[in-house]
Amino acid sequence: MKHKLSFGYVNILSENIAEIIVDEDVEITLEMTEECDDFLASMFCGELGILVHRINNYTFTYEAKLTVVSYEKIKAMAVVTYNKQGEQVTRELLAKRAMDDWNLKCFSGLELGWQQAYDWLQNELVTTEAS
């Protein structure tokens, strides 16, 4: 099920996995991160996994970098990238938020990464439920 937000789309892939696709050339702001968190809270009642599908190029404001993916029920994130820029932005964000100790893994979209990312998220969510 696909839902339009101000910055892109959220696809509900399963009862506990959401795919986020940000539109081309968007600068993610603090307000957009809050909009996404509010949407996720309204759609999912338990722990969830996020599949970030970086098919487009986009950036974050400084404030957004500090708050993105702050929703406490997110247990795992998979990022599918298609170029070095997308991979670099993801690594920089990970470095800036290292203290948050995110459960995040990157996958190459050029090597069937979307399916690998989805499978990894499913496994991570089952693992978190078991612990």
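**Exercise 1. Find how exposed Glu87 is, and describe its salt bridge.**

*Solution.* Start with the surface: Glu87 has a relative accessible area of 28%, so it is partly exposed. On this scale, buried means under 20% relative accessible area, exposed over 50%, and partly exposed in between (1.4 Å probe, protein chains only).

Before going on, please note that this is a predicted model, where local features need pLDDT of at least 70 and side-chain atom pairs count only at pLDDT 80 or more, while totals for chains, interfaces and linings use all residues. Residues are numbered from 1 along each chain as its sequence is written, and side-chain values use heavy atoms, with hydrogens and water left out.

Next, look for the partner: Glu87 forms a salt bridge with Arg91, with the closest N and O atoms 3.9 Å apart. The term requires a side-chain nitrogen of Lys or Arg within 4 Å of a carboxyl oxygen of Asp or Glu. Arg91 is partly exposed too, at 42%.

Finally, place the pair: Glu87 and Arg91 are four residues apart in helix α3, so about one helical turn separates them. Helices (H or I, at least four residues) and strands (E, at least two) are DSSP runs, numbered from the N terminus.

**Exercise 2. Which parts of the chain does the salt bridge between Lys4 and Asp23 tie together?**

*Solution.* First, check the contact: the two side chains, of Lys4 and Asp23, meet at 3.0 Å, N to O. Then locate each end. Lys4 lies in strand β1 (residues 2–5) and Asp23 in the loop between β3 (17–22) and β4 (27–28), so the bridge joins parts 19 residues apart in sequence. As for the surface, Lys4 is partly exposed at 48% relative accessibility, and Asp23 is partly exposed at 24%.

**Exercise 3. Describe the surroundings of strand β7.**

*Solution.* Begin with cover: β7 spans residues 74–81, and seven of its eight residues are buried.

Now turn to its neighbours, remembering that two strands pair if DSSP finds at least two bridges between them. Strand β5 (residues 48–54) pairs with β7 in the parallel sense over seven bridges, and Val52 has Val79 as its bridge partner in β7. Strand β8 (residues 104–108) also runs parallel to β7, joined by five bridges. There, Thr81 stands opposite Ser108.

Lastly, consider a side chain of this strand. Lys75 makes a salt bridge with Glu47 (3.9 Å, N to O). This pair links distant parts of the chain, with Lys75 in β7 and Glu47 in the loop between α1 (30–43) and β5, 28 residues apart.
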